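Reader: Could you take me on a close look at the pockets of this protein, and at what sits around them? I'd like one connected walk rather than a list.

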Amino acid sequence: MKCIKTEDAVGHVLCHDMTQIIPGVSKGPRFRKGHIVTAEDIPVLLSMGKEQLYVWELQPGFLHENDAAERLCALCQNASMRKSETKEGKIELSSDIDGVFLVDTERLNAVNSIDEIMIATRRGNGIVHPGDKLCGTRVIPLIIREEKLRQAEQAAGGTPILEVRPFTLKTAAVVTTGSEVAKGRIPDSFTPVVERKLAALGIKMTEHVLVEDGMENVAAAIEQMKNKPVDMILCTGGMSVDPDDSTPGAIKQSGADIVTYGAPVLPGAMFLLGYYADGRPVMGLPGCVMYAKATIFDLVLPRIAAGVRLTRRDFVTLGEGGLCLGCEVCTYPHCGFGGV
């Protein structure tokens, strides 16, 4: 930092805010800390009584905070994202579409491990809408060594660490299991709930069948749905551990490659996910989906609807935050359930 004549300050970086007072009109910062002085600024500064300024000198090998924020933003920005104006060394990204927000956590942590650099994001794996804020990028000091930006770029690799992936799966078949429902003894209260959750992501239930209990009955129904032009298959009922709960076995018998039967999430521990050879997902939904406001189904459906193929590890990591607290007034997804 040094003190120089205002007339000599062009190209230098202000070290503090400069307040302008116009009597009876306004009082506030006319130039912000970090502002790079231009020739047009000189008459304004002199009119404010600023004959001398405290400035940083930009030396070779250093970057201004605005330029550094641009470099960090480039590590994050992907398609379907909109960039804000640079303000006080900070840039924000927001979504342009409806979709699921994905974060490469390992690479994000690697970048944030570099001193004087930060990228702050919203939690990954949740639903976002146009205009929703995704992240903010900036560096801590007014000027920073360019070498640190190069380290950040190396840690991030060659592709953006953030993504908004649109919902691409559009149709679903639902197999509703239970002799009491199939025989009309009680109404089907499960399917309408599933339909609503699917519709929220633009997915339409185009096929539906009611099936009596029994593994062969359920397996035959699933086989029937596999031959339909649907993007996913969902099975409701028969997912607990009772002897006559045959849905998990029927899904396995149908030829699905099972990713998980069971998840560290409450409500939703008995959830099942598998994939067929053609990539289509098949899910077994536990009974809690029918009556609980938020369950495992809400946590994984956005990614599945966006065509993200989930792995066993995706479920393992749900354990922290996987306990719904059963609040009297549910605020999901604006809560800690699932970490979204």
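Author: Here is a walk through the two pockets first, and then a few spots elsewhere.

A quick word on the ground rules: this is a predicted model, so local features need pLDDT of at least 70 and side-chain atom pairs count only at pLDDT 80 or more, while totals for chains, interfaces and linings use all residues. Residues are numbered from 1 along each chain as its sequence is written, and side-chain values use heavy atoms, with hydrogens and water left out.

Rolling a probe the size of a water molecule over the atoms shows where empty space is left. A pocket here is an open set of points on a 1 Å grid over the protein atoms alone, where a 1.4 Å probe fits, with protein on both sides within 12 Å along at least five of seven lines; its lining residues have an atom within 4 Å of a point. Volume is the space filled by probe spheres set on those points, which are joined across faces, edges and corners.

The largest pocket comes out at about 980 Å³. Its lining runs to 30 residues, and Val103, Thr105, Asn125, Asp314 and Thr317 are the ones nearest the centre. At least two lining residues come from each of strand E9 (99–103), helix H3 (105–112), strand E14 (162–166), helix H10 (296–305) and helix H11 (312–316). These labels are DSSP runs numbered from the N terminus, with helices (H or I) of at least four residues and strands (E) of at least two. H3 has the largest share of this lining, with 5 residues. By class, the wall splits into 10 nonpolar, 10 polar and 10 charged residues. For that count, Ala, Val, Leu, Ile, Met, Phe, Trp, Tyr, Cys and Pro are nonpolar, Asp, Glu, Lys and Arg are charged, and the others, Gly among them, are polar.

Now for the second largest pocket, with about 610 Å³ of space. It has 24 lining residues, and Ile127, Asp298, Pro302, Tyr332 and Pro333 lie nearest its centre. Strand E11 (127–128), helix H6 (190–199) and H10 each give two or more residues to that lining. H10 gives the most, 5 residues. The class split here is 13 nonpolar, 4 polar and 7 charged.

Two of those central residues, Tyr332 and Pro333, are joined by a cis peptide bond with omega about 10°. Pro333 itself sits in the segment after H11. As a rule, most peptide bonds are trans.

Ile127 leads us to a sheet: it stands in E11, opposite Val100. E9 and E11 pair in the antiparallel sense over 2 bridges, where pairing takes at least two DSSP bridges between strands. The open sheet has 3 strands, in the order E11-E9-E14 with antiparallel pairing. E11 and E14 are its edge strands, each pairing on one side only.

Elsewhere, there's another cis peptide bond, between Leu266 and Pro267, with omega about 5°. Pro267 is in the loop between E18 and E19, and Leu266 is in the loop between strand E18 (257–261) and strand E19 (272–275).

One last oddity is Ser80, which has a positive phi of about 70° although it is not a glycine. You'll find Ser80 in the loop between H2 and strand E7 (81–83).
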